[in-house]
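Trainee: Could we go through this model together, one question at a time? I would like to see how each answer is reached.

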Amino acid sequence: MKKYRVGVIGATGMVGQRFLTLLENHPWFEVGVLAASERSAGKPYAEAVKRWNIQIPMPEKFSGMKVFDAEKDIGKITEDVDFCFSAVNMKKDDIKALEERYARAECPVVSNNSAMRFEEDVPMVIPEINPEHLEIIKSQRERLGTRRGFVAVKSNCSLQSYVPLLHPLRKFGPEKIAVTTYQAISGAGKTFETMPEITDNIIPYIGGEEEKSEKEPLKIWGTVKDGKIVSAEKPAISAQCLRVPVSDGHTAAVFVKFDKKPSREEIISAWEGFEGEPQRLALPSAPEKFIQYREEDDRPQPKLDRMAGGGMTVSAGRLREDNVFDWKFIGFSHNTLRGAAGGALLLAELLAAKGYFD
């Protein structure tokens, strides 16, 4: 695999910081450009970062790199990279406009942001689940008038704690799903120092999360037809999303009603036996096991299971029959690895392996 030069747009924020820890020694990608807001432009990266929020120290190789202006320096940035990761913190309309500017400048964008997730010709991909949606890039390029440029996005971080566990069970016809997510503070870009109100507390509202949790899975399970992605019509999903005093890792309590109720053995076998395109292609960030089932009554737990598969494995546990639905279980994933920067990195590896950056 050739080495690709990469830009990180929004490099100073928490997700941007996580990108850099993952890219420090990546075998396929070499960081060529860092960009952020106008107030960071022109500064060395170590000076531009107000607070380093990742437990891993800042990679020394990036500390002295000059930070570019993500909006004003698009010409310079796109000339020097093969594609960009986007993790900017802006209003949605501004993010959409910015990412399209990069794409129209013939620079592919792999975005962690939500602004473009419901564009009909923008693939929103969990690489193990819907890699076939990448074919919509051809239609997007026709709309944008580009030869190389496009935008591809990853889904919401909370989805990674339960949608991967539902996907292998689709053959049993899930009809109704109720899910409550217990989301870590890093999902809001916070630490315990910067979010003191979460101590000894639960906040039962995260703006926009419940709508994303109910709608995004249907696009992921949708089909590519006539130049657009048509969302699936079912299952019906009802979601509640809570912010909890956990540093990293989103937990989900999931209840499922099936058209054809599977046995416990069939569910666990479907989870344990599932592998996706990243595993078959042996992509650098792909965990050997996409899904692990924990038999212990008190697992999965954030402290014990967040780094399974290098933070890229999705964990399940406490599978039990339910007296209202058919089955209930607990799901868990690392929200800034599998759910954010790591998921976007895996998507970029899939795009590279399939030639979309060439």
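Mentor: Gladly. The expected span of a helix is 1.5 Å times one less than its number of residues. Keep in mind that this is a predicted model.

Trainee: What distance does helix α8 reach from its first C-alpha to its last?

Mentor: Helix α8 covers residues 209–220, so we have 12 residues to put into the rule of 1.5 Å times one less than the number of residues. That gives an expected 16 Å, and the model comes close to it. From first C-alpha to last, α8 reaches 16 Å.

Trainee: Which elements do the buried residues of α8 pack against?

Mentor: Start with the buried residues themselves: E209, K212, S213, E216, P217, L218, K219 and I220. Their partners include both helices and strands. They are α5 (92–104), α7 (163–166), β7 (174–183), β9 (228–230) and β10 (236–243).

Trainee: Now the aromatic rings. How many residues apart in sequence are the parts that Y4 and F29 tie together?

Mentor: The whole structure holds 15 aromatic pairs. In one of them, Y4 and F29 meet edge-to-face, 6.2 Å centre to centre with 65° between the planes. Y4 lies in strand β1 (residues 4–9) and F29 in strand β2 (residues 29–36), so the pair ties together parts whose separation in sequence is 25 residues.

Trainee: Is the F150 and F357 pair stacked or edge-to-face?

Mentor: F150 is buried and F357 is buried too. F150 lies in the loop between α6 (137–144) and β6 (151–153) and F357 in the segment after α12 (337–353), so this pair ties together parts 207 residues apart in sequence. Their centres are 6.3 Å apart and their planes differ by 5°, which is under the 30 degrees cut-off, so the pair counts as stacked.

Trainee: Which residues line the second largest cavity?

Mentor: The search finds 2 cavities of 30 Å³ or more, and the second largest has a volume of about 30 Å³. Helix α5 gives the largest share of its lining, 3 residues. By type, the lining divides into 4 nonpolar, 1 polar and 1 charged. The residues are I9, S86, L98, E99, Y102 and V109.

Trainee: And the second largest pocket: which lining residues lie nearest its centre?

Mentor: This pocket has a volume of about 300 Å³. Its lining has 17 residues, made up of 6 nonpolar, 7 polar and 4 charged. Nearest the centre are R18, N53, Q55, S247 and D248.

Methods
Residues are numbered from 1 along each chain as its sequence is written. This is a predicted model: local features need pLDDT of at least 70, side-chain atom pairs count only at pLDDT 80 or more; totals for chains, interfaces and linings use all residues. Side-chain values use heavy atoms; hydrogens and water are left out. On a 1 Å grid over the protein atoms alone, a cavity is a set of points where a 1.4 Å probe fits but cannot get out, and a pocket is an open set with protein on both sides within 12 Å along at least five of seven lines; lining residues have an atom within 4 Å of a point. Grid points are joined across faces, edges and corners, and a volume is the space filled by probe spheres set on the points. Ala, Val, Leu, Ile, Met, Phe, Trp, Tyr, Cys and Pro count as nonpolar, Asp, Glu, Lys and Arg as charged, and the others, Gly among them, as polar. Helices (H or I, at least four residues) and strands (E, at least two) are DSSP runs, numbered from the N terminus. Buried means under 20% relative accessible area, exposed over 50%, partly exposed in between (1.4 Å probe, protein chains only). Contact means heavy atoms within 4.5 Å. Rings of Phe, Tyr and Trp (its six-membered ring) pair if their centres lie within 6.5 Å; planes under 30 degrees apart count as stacked, over 60 as edge-to-face and the rest as tilted.
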